[in-house]
Amino acid sequence: MDHENLHDTTALVVGGGPTGLTAALVLAANGIACRVIERRTAPSSSSRALGLQARSMELLAGLGVAEEVERVAYRLSGASVMRGDDELVRLPWIPPDSRYPYTYVLPQVGLEHLLRTRLGELGVEVERGAELQRLTQDDAGVVAHLADGRRLTAGWLVGADGARSRVREELGIAFPGTATGETYYLADVVLRLATPIEDSAMWLGPEGPFMLMRLPGGEGLWRIFVDVTDAARAADLPEPSAEILGDLLDERGPGGAGIERLDWTSVFHTRVCLADAYRRGRVFIAGDAAHVFPPFGGQGMNLGIQDAVNLAWRLATVARGGPQNLLDDYETERRPIAAATIRDVEARRRMYALRHPVARALRDLLLRMGGRSERAARSGARKNSQLDSGYSTGGPFAPRPRVGDRAPDGALGTGTVHERFGPDHLTLLRFRAGASPEPLTRDGAVLTVSVDDGTDPGGTLRARYGMRGDGFVLVRPDGHIAARGARPTQARLAIEALQPQ
Ligand SMILES: Cc1cc2nc3c(=O)[nH]c(=O)nc-3n(C[C@H](O)[C@H](O)[C@H](O)COP(=O)(O)OP(=O)(O)OC[C@H]3O[C@@H](n4cnc5c(N)ncnc54)[C@H](O)[C@@H]3O)c2cc1C
């Protein structure tokens, strides 16, 4: 159904953070009318999340943003576990198999700027000073009531309005969870270091971790992340000042360092919550509106970006008349990923929060052993990169990569197969012998790509996709495998299941 004629817009995105901006970018790339409303009257100046993981970068590449991120971010090389000025162990980063195999460090405020700029190029401007207060919905659409008295109607609404989501509240979706008890100071500072530090370092003392991460964009810019739980329990915690942070540096961080400038501070109380549902009728929640957890490993913002891509291609397809059941799978796929990420991040939080000396000594020993094991480093980097976040439902004997897995990358013709994927189309990889005179053909929202002796002469891509004879792999707009098989009729049916009727 074309909602443009019935409503003010087809899709209304509430919240102009990374999740909302990404959702709007996917919708706009699909030519779907969308609007983004944002409560703030000016862009946020708060630094917050610092890292883009490989999987988010692959998706941002399809939205035309990854190159800009690469230009302004730096690639994290690993982290050192320190005692005073001595490095106990360097936890190396072993790049996983991806075109973007690092954590790309840039503050959230910078990423939001890049996303907004790209969205503007696609003709969508964030509408500022527009706060959603109440919403109602029926079978035909959604009505958003704004704080300034305006009323906006839409076919669908995406609640990307952060941890205190009004949309979630209006839908009556529970957000169960717990405050896990730690308090951290965060600060972006200009630091004078007596001994150089490579990108990232942590001191795991008896009062919890003290961490430093280099920031891009200038000499001496660092993020401080320090556990102040014990101090917060003992007395009222003051706001972090240069003096307080300087004392903490002296006591718990590198020797001889000094703060030259304080750019941003925050006090962070850890909590873990996961929404009971991601959808009610025509309204969805995504990003921090659906899940919050501590920032260990830099996963939260990335999860939101990936929620947004998963939801928005479905919305775009359904808005063009595609099967409604596509929308049910958003929650089925994304909520378990959030639950699994929360389990991992919780394990890290507990490990860092250890206070008992014996438990700490054991942890430090394990970290040191882990730092010397290439296997452990490889698997840690792989996990952090979110490249294995998939939706496979196939059993252990299903051919790999399975339906639901991220479609692997690899050389194809003069480029790569990932370069052929995109948020506005399905990609049909047709594996066959010989060489096709027309390796690329586009029919509406389906791009057919021939993987044959001409485009994949050594058969490397064929092997990556576990394809023996002729066959096909159908890839969704978010780069996950929708279907695979041997017969063209199977391919046709799989395409029909994902297309407007
Ligand atoms: C101090 C700190 C450090 C962090 N570090 C990391 C990290 O290193 N790595 C990582 O991955 N994550 C990190 N996170 C988490 C990360 O910041 C969030 O996961 C991310 O911001 C989520 O994006 P979002 O778009 O879902 O929500 P938000 O960024 O919260 O955006 C929501 C937007 O909605 C707007 N809004 C709210 N209510 C309304 C309304 N009623 N009407 C209209 N607009 C509304 C808000 O103004 C806001 O702009 C950190 C978070 C904090 C607080």
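In this tour Ala, Val, Leu, Ile, Met, Phe, Trp, Tyr, Cys and Pro count as nonpolar, Asp, Glu, Lys and Arg as charged, and the others, Gly among them, as polar. The structure on your screen is a predicted model.

**The ligand and its shell**

Begin by selecting the ligand together with the residues around it, which number 35, the closest being Gly15, Gly17, Ala49, Gly162 and Gly287. If you colour this shell by class, you will find 11 nonpolar, 16 polar and 8 charged residues. The elements that give two or more residues to the shell are H1, strand S2 (34-38), strand S16 (258-274) and H8, and the largest share, 4 residues, comes from H8. Now colour the chain by domain, and you will see that the shell draws at least three residues from each of domain 1 (3-50 + 107-175 + 275-351) and domain 2 (178-271).

**From domain 1 to domain 3**

With the domain colours still on, add domain 3, which covers 411-496, so that the division of the protein chain into domain 1, domain 2 and domain 3 is complete. The C-alpha centres of domain 1 and domain 3 lie 31 Å apart, and where these domains touch, 6 residues of domain 1 are in contact with 5 residues of domain 3. On the domain 1 side, the elements that give two or more residues are helix H1 (18-29) and helix H8 (300-319), with H8 providing the largest share, 3 residues. By class, this side of domain 1 has 4 nonpolar, 2 polar and no charged residues.

**Helices H8 and H9**

Keep H8 selected and add helix H9 (residues 328-353), whose axis comes within 10 Å of the axis of H8 and crosses that axis at roughly 175°. Angles over 145 degrees count as roughly antiparallel, and H8 and H9 are therefore roughly antiparallel to each other. To see where they meet, show Leu303, Asp307, Asn310, Leu311 and Arg314 in H8, and then Tyr330, Glu333, Arg334, Ile337, Ala338 and Thr341 in H9. By class, this contact has 5 nonpolar, 2 polar and 4 charged residues.

**The sheet S23-S24-S22-S25-S26**

Turn next to an open sheet of 5 strands, in the order S23-S24-S22-S25-S26, in which the pairing is mixed. Strand S23 (440-443) and strand S26 (481-485) stand at the edges, and because each has a single partner strand, one side of each is left without a neighbour in the sheet. As you follow the sheet across, the twist averages 15° from one strand to the next.

Within this sheet, select strand S22 (residues 426-431) and strand S25 (residues 471-475), which run antiparallel and are joined by 5 bridges. Which residue in S25 is the bridge partner of Arg430? The partner to select is Phe472. Then add helix H13 (residues 488-496), which lies across S22, strand S24 (446-451), S25 and S26, and which runs at about 160° to S26.

**Two stops in loops**

For the next stop, select Arg400 and Pro401, which are joined by a cis peptide bond with omega at about -10°. Pro401 lies in the loop between helix H11 (374-385) and strand S20 (411-412).

Finish at Asp199, in the loop between strand S12 (177-192) and strand S13 (200-205). Here phi is near 65°, a positive value in a residue other than glycine.

Definitions and conventions:
Residues are numbered from 1 along each chain as its sequence is written. This is a predicted model: local features need pLDDT of at least 70, side-chain atom pairs count only at pLDDT 80 or more; totals for chains, interfaces and linings use all residues. Two residues are in contact if their C-beta atoms, placed from the backbone, lie within 7 Å. A residue is near a molecule or strand if its C-beta atom, placed from the backbone, lies within 6 Å of it. Axes are lines fitted to C-alpha atoms, for helices over the stretch in contact, and angles run from 0 to 180 degrees between N-to-C directions. Angles under 35 degrees count as roughly parallel, over 145 as roughly antiparallel, 65 to 115 as roughly perpendicular and the rest as oblique. Two strands pair if DSSP finds at least two bridges between them.
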